[in-house]
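Me: Please take a close look at one part of this model for me. I would like to know how it sits in the fold and what empty space the structure encloses.

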Amino acid sequence: MGSLEDRLKILEEAHSFKKEHEKRLAPLDQLDPRRPFVYISIGGGELGDLVLTAAKRILGGERGGIKTVAIDRYEGFPAQDIADSFEVVDMLNGDLLEKRIRKYVPDPQGVPHAIYLEIERADTYRVFKLGVEEGYNVISTPYVPLIGMDRLATKLLFDKVGVPRVEWAYADSEEGLKKVAKDMGLPLIIKPVMTSSGHGTTIARTWKDVERAYEYSLKHARGKGDEVVIERYLPDLKERGIEITQFVLRHFDENGKIVTTLLPPVEHQRPGATYHESWLPYTIPESVKRKCQEYAKRIAEYLGGLGIYAVEQFVIDDKVYNSEFANRPHDTGMVTRWALRKDEGALHLLASMGLPVVNSDIDIITEGMYCVAHVILAPDFGTDKLVPVIGWRATEVLAYIRKKGYLGDIWYFGKPMAYSERRMGMAVAYHENLNTARRIAEDIAHFAEKCIIYG
Ligand SMILES: Nc1ncnc2c1ncn2[C@@H]1O[C@H](COP(=O)(O)OP(=O)(O)O)[C@@H](O)[C@H]1O
Ligand SMILES: [Mg+2]
């Protein structure tokens, strides 16, 4: 994205674009199977699946006037079999990706459509260009995925809208990083400007860590460029804090006005850098919840457009630090499938198409119980190679839940191949006691892990 100044300019542009874009938007008043709304999910993992299945479950699919298209990089991806059409293509290749989009939406003005970027591993910039130059409807606006995947742009946005974040700096050389580290003091966390799932990140507790961090970051960064983001590391977060994903929905209301609706905050904790377990309802005090919601709202309203925003926040005592955001469903939000009247995928679909969402859609429906979702992971295979998945013993898992007397559930994604610790599904538990619910969800997850058969 260039320099900090370039990024500040993009933020300004994004805000101006939002204002013009929202004037052009209108609620969708009819779905017509003769001229279906084309909904494209770039990325067809579990979060694509959650959105596209809602097109069938709620709107009736192609006969109901919505045609879904899922694109991913490998054959047999989770949303492939539920999409009306699918494409397997290297999404980082802009030419190929653009061709597939044009195949379904040759004329962005003539075909009602929405393009949802489910993953960052795609040529986001090419999709952005289709949006600003030709009027393709990139959710929520073409600018937002670009900003959300760039940690520096994100930090600048937080400062612009005046929401608290951890102390941060950036460097574009090893020397620069060392200087910053000296000024800020340890511990620090050093991250590539563009990554996810903790790739290329170093928690620097010693000077040795700092020395290794720069090269490590560049090696694992997704984009080009030589910048790293340096943050104050908050050890208290894991010890006595809690992580929040504050979802914000931008949607039309019944009166045809774009409004901002705040979902109940989803809480999560993780032993490492990646998603592990999350739950609803929240346990943070009301006063803290109000802050989480107020900050997330400011972020979403600055960028605008339709659809869901997921703002990641760290809460320590009564302090809230905004950390990252994405304008799409979020892995920690999969728990909404069991805990809210409509899940994050359904909410995103309806909102981003221009259909109304009502307040009761975001009600927590677990009535006096906590609902915990826990990841089901592939084992550590001790190799970098992909391992084929032969199948899973569904009966055994379901019988286990019943035998144990648990109130629980599972969602198996059906991925054809696995690598070490790949997410293969989710286990869910309900209980009036949060810690018990967490323990049960973990128990089901670990049992389910043993029931997946690898080749
Ligand atoms: N400054 C920090 N202090 C303490 N923990 C952090 C900090 N930054 C990140 N983490 C931990 O690492 C996780 C992943 O970091 P994040 O910035 O969200 O990157 P990713 O893109 O990999 O999700 C967070 O959810 C949190 O648990
Ligand atoms: Mg994150």
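Reply: Here is a walk from one strand to the enclosed cavities.

The model is predicted. Take strand β4, residues 113-117. Is the strand enclosed or open? Buried here means under 20% relative accessible area. In β4, 5 of the 5 residues are buried, so the rest of the structure largely encloses the strand. His113, Ile115 and Leu117 point one way. Ala114 and Tyr116 point the other way. Both sets are buried.

Next, the pairing. β4 runs parallel to strand β1, residues 37-42, and 5 bridges join the two. One of the contacts is clear by name: Val38 has His113 of β4 as its bridge partner.

Now the empty space. The structure has 2 cavities of 30 Å³ or more. The largest holds about 120 Å³. Its lining counts 13 residues. Leu117, Glu120, Pro145, Asn327 and Arg328 lie nearest the centre. Leu117 is also one of the buried residues of β4. Helix α5 (143-148) and strand β14 (319-326) each give at least two lining residues. The top contributor is α5, with 3. By class, the lining has 8 nonpolar, 3 polar and 2 charged residues.

The second largest cavity has a volume of about 90 Å³. It too is lined by 13 residues. Nearest its centre are Gly148, Asp150, Arg151, Thr154 and Glu324. Helix α6 (151-161) and β14 each supply at least two residues here. This lining divides into 3 nonpolar, 4 polar and 6 charged residues.

Conventions
Residues are numbered from 1 along each chain as its sequence is written. Chains are lettered from A and ligands numbered from 1 in the order in which they are written. This is a predicted model: local features need pLDDT of at least 70, side-chain atom pairs count only at pLDDT 80 or more; totals for chains, interfaces and linings use all residues. Side-chain values use heavy atoms; hydrogens and water are left out. Buried means under 20% relative accessible area, exposed over 50%, partly exposed in between (1.4 Å probe, protein chains only). Helices (H or I, at least four residues) and strands (E, at least two) are DSSP runs, numbered from the N terminus. Two strands pair if DSSP finds at least two bridges between them. On a 1 Å grid over the protein atoms alone, a cavity is a set of points where a 1.4 Å probe fits but cannot get out, and a pocket is an open set with protein on both sides within 12 Å along at least five of seven lines; lining residues have an atom within 4 Å of a point. Grid points are joined across faces, edges and corners, and a volume is the space filled by probe spheres set on the points. Ala, Val, Leu, Ile, Met, Phe, Trp, Tyr, Cys and Pro count as nonpolar, Asp, Glu, Lys and Arg as charged, and the others, Gly among them, as polar.
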